[in-house]
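User: I would like to go through the labels attached to this model and hear the reasoning behind each. Please start with the aromatic rings.

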2 protein chains.
Amino acid sequence: VILEAARGQFASAGYDAVSIRAVARAAGVDAALVHHYFEGKSELFAAVLDVPVHPREVVDGILAGPVSGVGERLAGFFFQVWDGPAGRPRIAALLAAAVTHEDAARMLREFVAREIFGRVTAALGTPDAELRAGLAAAQMVGIAMLRYVVHLEPVASAEPAELIAWLGPTLQRYLVP
Amino acid sequence: VILEAARGQFASAGYDAVSIRAVARAAGVDAALVHHYFEGKSELFAAVLDVPVHPREVVDGILAGPVSGVGERLAGFFFQVWDGPAGRPRIAALLAAAVTHEDAARMLREFVAREIFGRVTAALGTPDAELRAGLAAAQMVGIAMLRYVVHLEPVASAEPAELIAWLGPTLQRYLVP
C-alpha cells in the first residue's frame, strides 16, 4: 500500500514535491509507519523503482577509500547491483519504462541525478557538478543499454573487471575535480 | 518497395546474411536498380534505419585530419546528425524500437558496431577494437538517452560544444591506440 501510494506521488508530483507525510496520507497510514519501513525519501524512491540497494549505502561505499578510486568503485557498484540474475531484468525494465513513459523517465532522471551521481559530486565539491554527473550517468546508462538490452558484443559478455578497468578512469575524469 | 524489402531482409536474416541481390529479388527489381539508389549495403542499411547520413562519409570525416582529434570529430558528427529538429525524433524512435523490439536492437547494434565505430577502430588499427568501440558507443548511446529521451538536465540543454569538449577525450581514449 505504501509503495503504491509512493509510486503515484512520485509519478504525479515529481521527486522534489513528495514528502513522506504526503505518501503516508495517500496510503492512509501514519508517517511513522512509512519511516519504520523506509529510512527516508531516497530509500522509498529506490523501492518504488525496484532498485535493489540503498542509495545512501552505495554512495557511502563509493566515497569510502582514496579519492583516486572513486571512478573504479562507482563502476564496481554498478555491476554489483545490476549484473546478477535479479538485477538484469530490473534494469532492462527500468530502461524500457524510461523510453516509453514520461513519468518513468522523470523518476529515472531524478534518481540517477540526485541520489547517486549528485551525492558523489556534492561530497567531492566538483565544479559543474550537474553536467559532469550527467556525463557519468550517460556512460553508465549506455553500458546498461548495450549490455542488458541491446546485447552488443563484446560489451554484453565481457567480465565486469575488464569493463571496470576501462570505465573507472572515464567516471573519475567526469566526477572528481 | 526496395526499402520495405530491405527492412524485412535485415530484420529476419541479420546484416551479414543480406545481399543487395537478395534485397532486389525480394523487392522484385533488378539489383542494378538497388545500386542506382544506394551506394552499397551500408547505405541501404542506414536508409532502413532512417539515419540521415551516409556512414562512409561520416567515417571519412572522422578519419580526416590529425589522429589526436578523432574523438572530438566523432562527438561533433554525432550532434551534427542528431541534434537538429529532424534528427531528434529519429534517434528517439531508434532507441525506443531498440528497447522494445529484438529485431531493431539487432539492427541498431550491427549499425553502431560495424558501420561507425568498427570502421574507425579498423582504420586506426586499435587493439581490442570491438570492446573499445562498444565502450565508445555506450557513451554516445547514453548521451542520446539522457539528452533526447529522458531529458536529464543540464545534459539535455547543454551546448553541443560544451558536451563535445567533455566527450572528445573519452572517445579518444577508447578508440585511439
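Analyst: This is a predicted model. Over all chains, the structure holds six aromatic pairs.

User: Why is the pair of A:W166 and B:Y174 called edge-to-face?

Analyst: The ring centres of A:W166 and B:Y174 are 6.1 Å apart, and the cut-off for a pair is 6.5 Å. Their planes stand at 65°, and angles over 60 degrees count as edge-to-face. The pair is therefore edge-to-face.

User: What makes this a pair between chains, and which helices are involved?

Analyst: A:W166 belongs to helix α10 (residues 160-175) of chain A, whereas B:Y174 belongs to helix α10 of chain B. The pair thus crosses from one chain to the other.

User: What makes the relation of chain B to chain A that of a two-fold axis?

Analyst: A turn of 180° with a shift of 0.0 Å along the axis lays chain B on chain A, with an RMSD of 0.0 Å. That is the relation of a two-fold axis.

User: How do you know which surface the copies meet through?

Analyst: Of the interface residues of chain B, 100% are also interface residues in chain A, so the copies meet through the same surface. By count, 38 residues of chain B are in contact with 38 residues of chain A.

User: How much area is buried there, and what share comes from carbon and sulfur?

Analyst: About 3,400 Å² is buried between chain B and chain A, with carbon and sulfur atoms giving 75% of that area. On the side of chain B that touches chain A, α7 (87-100), α8 (102-124), α9 (129-149) and α10 (160-175) of chain B each supply at least two residues. The most come from α9(B), with 14 residues. By class, the residues of that side are 27 nonpolar, six polar and five charged.

User: How many salt bridges and polar contacts cross the interface?

Analyst: The rule finds zero salt bridges across the interface of chain B and chain A. It does find eight residue pairs in polar contact there, both residues at pLDDT 80 or more.

User: How many salt bridges are found over all chains, and why does the pair of A:R56 and A:E43 count as one?

Analyst: A search of the whole structure finds eight salt bridges. For A:R56 and A:E43 the N to O distance is 3.6 Å, and the cut-off is 4 Å, so the pair counts as a salt bridge.

User: What does that salt bridge tie together?

Analyst: A:R56 lies in helix α5 (residues 55-63) of chain A and A:E43 in helix α4 (residues 41-48) of chain A, so the pair ties together parts 13 residues apart in sequence.

Technical notes. Residues are numbered from 1 along each chain as its sequence is written. Chains are lettered from A and ligands numbered from 1 in the order in which they are written. This is a predicted model: local features need pLDDT of at least 70, side-chain atom pairs count only at pLDDT 80 or more; totals for chains, interfaces and linings use all residues. Side-chain values use heavy atoms; hydrogens and water are left out. Contact means heavy atoms within 4.5 Å. Buried area is the accessible area (1.4 Å probe) that two parts lose on being put together, summed over both. A salt bridge is a side-chain nitrogen of Lys or Arg within 4 Å of a carboxyl oxygen of Asp or Glu. A polar contact is a pair of N or O atoms within 3.5 Å; within protein, one must be able to donate a hydrogen and the other to accept it, and residues adjacent in sequence count only if both atoms are side-chain atoms. Helices (H or I, at least four residues) and strands (E, at least two) are DSSP runs, numbered from the N terminus. Ala, Val, Leu, Ile, Met, Phe, Trp, Tyr, Cys and Pro count as nonpolar, Asp, Glu, Lys and Arg as charged, and the others, Gly among them, as polar. Copies are superposed by least squares on the C-alpha atoms of residues with pLDDT of at least 70 in both. Rings of Phe, Tyr and Trp (its six-membered ring) pair if their centres lie within 6.5 Å; planes under 30 degrees apart count as stacked, over 60 as edge-to-face and the rest as tilted.
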